[in-house]
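Me: I have just opened this one and would like a guided look. Could you walk me through it slowly?

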Amino acid sequence: MIERPYSTADFREASRALAAIGQRIYGNGWSPATSSNYSVRLNEHYAAVTQSGKDKGLLRETDIMAVDMQGQAASAGKPSAETLLHTQLYRRFPKVGSVLHTHSHASTVLTMHWPANSITLDGYELLKALDGFTTHESRLVIPVFDNTQDIAALAEAVDAAMEDGDASHAYLIRGHGLYTWAADLPACYRQLEALEVLLAIELDRRRLSGV
Ligand SMILES: CSCCC(=O)C(=O)COP(=O)(O)O
Ligand SMILES: [Zn+2]
């Protein structure tokens with residue numbers, strides 16, 4: 001029997017959980033038209049990630065595969081085209097256990113209409129859903145990176161920004177979407193939900209105030 005470099009039970013559990021969370025995220029409208037990718041760390045060297053091009057509203061356990069931390073396939077399937085954006089986070093932060101990426105209406109409009117290189121969420125009670133935030137008197141600065149089809153270059157740019165201390169919980173890619181990460185999948189989903197709702201609120205506020 002061939003020994004896998006990760007536990008089969010961990011891979012099955014991660015696949016089951018990712019399929020369920022994908023359907024939930026799709027239901028919120030944040031992963032349309034096969035967009036988005038999701039992952040869970042299996043151990044120091046491997047992660048479970050969505051295969052490329054899967055319909056997230058119909059996501060099944062068999063749509064998940066294993067990759068190493070260089071983004072290379074470690075089980076059957078074609079990994080997400082954006083796998084390097086997941087493995088960059090796992091490599092940089094040993095305590096990160098899950099990464100979720102979405103393509104919401106709010107993140108797309110906010111980053112396309114306003115040319116700023118960051119979006120600040122300030123004073124919201126819902127910020128307390130994020131790890132490390134204990135009061136509404138808080139501020140989260142979310143960096144915005146320009147979109148590119150060169151995912152390796154984008155992963156390097158994100159890594160360089162993190163070396164400078166930017167991007168504590170999430171970052172945005174202009175006209176593309178949101179990446180967020182946390183210690184495990186439930187915490188990452190909670191954070192994603194808070195951020196997507198806050199980005200939608202931020203968009204509404206900007207529209208109402210005509211800025
Ligand atoms: C149809 S969305 C374009 C690709 C993308 O941005 C995305 O999130 C999905 O890519 P994947 O390879 O993970 O399916
Ligand atoms: Zn994407």
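Reply: Let us begin with two helices: H2 and H4 are roughly parallel to each other, a label that covers angles under 35 degrees. This is a predicted model, in which local features need pLDDT of at least 70 and side-chain atom pairs count only at pLDDT 80 or more, while totals for chains, interfaces and linings use all residues. Residues are numbered from 1 along each chain as its sequence is written, and chains are lettered from A and ligands numbered from 1 in the order in which they are written.

Me: What angle do H2 and H4 pack at, and how far apart are their axes?
Reply: Helix H2 (residues 83-92) and helix H4 (residues 151-163) pack at about 30°, and their axes are 9 Å apart. The axes are lines fitted to C-alpha atoms, for helices over the stretch in contact, and angles run from 0 to 180 degrees between N-to-C directions. Helices here are DSSP runs of H or I with at least four residues, and strands are runs of E with at least two, numbered from the N terminus.

Me: Which residues in H2 meet H4?
Reply: Leu84, Leu85, Gln88 and Arg92 in H2 do, and among their partners in H4 are Ile151, Ala155 and Met162, where contact requires C-beta atoms, placed from the backbone, to lie within 7 Å.

Me: Is H2 mostly covered or not, and how many of its residues are buried?
Reply: H2 is mostly covered, with eight of its 10 residues buried, that is, with 20 or more other C-beta atoms within 10 Å of their own C-beta, again placed from the backbone. Those buried residues, including His86 and Tyr90, pack against strand S1 (37-41), S2, S3, strand S4 (98-102), H4 and strand S8 (177-182).

Me: Changing topic, what order do the strands of the sheet come in?
Reply: Eight strands form an open sheet with mixed pairing, in the order S3-S2-S1-S4-S8-S7-S6-S5, and two strands count as paired if DSSP finds at least two bridges between them. S3 and strand S5 (118-122) stand at the edges with a single partner strand each, so one side of each has no neighbour in the sheet.

Me: Why is S3 described as largely enclosed?
Reply: Four of the five residues of strand S3 (residues 64-68) are buried, so the rest of the structure largely encloses this strand.

Me: How does S3 pair with S2?
Reply: Strand S2 (residues 46-50) and S3 pair in the antiparallel sense over five bridges, and Ala48 stands opposite Ala66 in S3.

How values were computed: Angles under 35 degrees count as roughly parallel, over 145 as roughly antiparallel, 65 to 115 as roughly perpendicular and the rest as oblique. Two residues are in contact if their C-beta atoms, placed from the backbone, lie within 7 Å. A residue is buried if 20 or more other C-beta atoms lie within 10 Å of its own, exposed if 12 or fewer, and partly exposed in between; C-beta atoms are placed from the backbone.
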